Amino acid sequence: MAIASINPSTGITIKTFTPLNDTEIKDKLNLGERAFLDYSQTSFVKRSQLLENTAKILETEKIELAKLMTLEMGKPLKSAIAEIEKCAVVCRYYSENSANFLADVHIPTDANSSFIKYQPLGIILAVMPWNFPFWQVFRFAAPALMAGNVGLLKHASNVPQCALAIENIMQKAGFPDGVFQTLLISASQVANVINDDRVKAATLTGSENAGISLAIAASKNIKKTVLELGGSDPFIVLASADLELAVNTAVTARMLNNGQSCIAAKRFIIQEQIADEFEKMLLEKFQKIKIGDPLELDTELGPLATVDILQELDQQVKTAANSGGKIITGGKPLEIPGNFYQPTIIKDIPTDQPIAKEEFFGPVALLFRVKNVDQAIKLANDTPFGLGASGWTNNEQEKQRLINEIEAGAVFINGMVKSDPRLPFGGIKRSGYGRELSIQGIHEFVNIKTVWMR
Ligand code: NAP
């Protein structure tokens, strides 16, 4: 994919970029390696100050940064502003807590003194997606840099200006040269970067195929990876749930980021007693969604990020219909310029059809009916993914069953799945491995060194 900013609301190319060549990549790796020697020796107090500076810059420049995101990938401006604010929150969270998370842990043994010491690894490569162009990067960078590592960002090819803006913020915040660098490279150049001895580990957020490619390249070099991949998250509503709240949340959870979120609710699994009512209420709300220019503050649904995503989604909807699903609203791209897709509901796709298990990355809700909690759990787990799950019930036993039996990295009861710096985030099954955020996130890219002294 060419490295270019193309406005998804108009299809107009704003700017194109030439990928770095091998020599330019080598220069950046040399700089990163040199930067690590000094930066890894800095105190937590110093690193905290740099992250605090970063948080302040994000807050001061949030409107311009949010507009840049909206221009490159079509996110409604209101959500873009909220995303920048959340990046400031994650910077402060790690600025305030990392010294504690990485303090030596003393463990009594037969030694005079034995303890765990956390040490940085070196250059960490982050391959990131376009859907949360700032949040995905900051949730990696804040803990990685606090731990004393240095970061190299290969961002998605459709958000190069966001990638450069993030590098610029880090420089303005005072991080020494080379501590955080953006590499404008294509996906095909990633394996060479991970093969380089100076790169010690990598994290990737994106599709399964991208994750597999990175993990293969990394494993050939015995380098650790964290993978945050796709999801087809279930949103289970059982008969005792607060229906109004569940439906309102269902709309937000599906439409978040124009439907392009890994943890968006994608499969709505509804107990049959309330299924007609849920469907009626959801349909009314989908038909009222305000679609339009994502730069307008009251727009609820903007365009999909690229033409390819639009075409892929449209193809999935056609496959769902051909596999027995019934489209009850939407089902087509909007006939206006840009990558707009109608809010769409498809019900009753036979659950043995492969399309029922796929991830729909856009404003398309799949509705399924079940008789009871047993069937709900079985269907929720009938997917290769295991990222998040949202369960709605006021029955205590059902709550426990959902918590214990759903195969996912996170289960939210009577709420929508969301990320929070204080809680670990990540998936199981084909949604990936490893965790971001919280104490677990900062422990992914450190040497957990055992020290034993007589
Ligand atoms: P994508 O095509 O996999 O791209 C993600 C990143 O990987 C981009 O930087 C991309 O670069 C790079 N990439 C693609 N193929 C690669 C390869 N073979 N080797 C190395 N790097 C490669 O994914 P996307 O379409 O942008 O993102 C959507 C997917 O991400 C969805 O499945 C979504 O659920 C998932 N996601 C997961 C999380 C999570 O936390 N679990 C969060 C957000 C999104 P180019 O742009 O240059 O191709």
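Domain bounds here come from an automatic or database domain assignment. On that basis, the shell around the ligand draws at least three residues from each of domain 1 (4–229 + 431–453) and domain 2 (233–420). This is a predicted model: local features need pLDDT of at least 70, side-chain atom pairs count only at pLDDT 80 or more, and totals for chains, interfaces and linings use all residues. Numbering runs from 1 along each chain as its sequence is written, and side-chain values use heavy atoms, with hydrogens and water left out.

**Shell around the ligand**
- The ligand has 28 residues around it (a heavy atom within 4 Å).
- Trp 130, Arg 139, Ser 157, Ser 207 and Glu 359 come nearest.
- The shell divides into 14 nonpolar, 10 polar (Gly counts here) and four charged residues (Asp, Glu, Lys and Arg).

**Polar contacts (N or O pairs within 3.5 Å)**
- Ser 157 places a polar side-chain atom 2.5 Å from a ligand oxygen atom.
- For Lys 154, a polar side-chain atom lies 3.0 Å from an oxygen atom of the ligand.
- Gly 206 uses a backbone N or O atom, 3.2 Å from an oxygen atom of the ligand.

**Burial**
- Taken alone, the ligand exposes 890 Å² (Shrake-Rupley method, 1.4 Å probe).
- The protein buries 85% of that area.

Key: A polar contact is a pair of N or O atoms within 3.5 Å; within protein, one must be able to donate a hydrogen and the other to accept it, and residues adjacent in sequence count only if both atoms are side-chain atoms.
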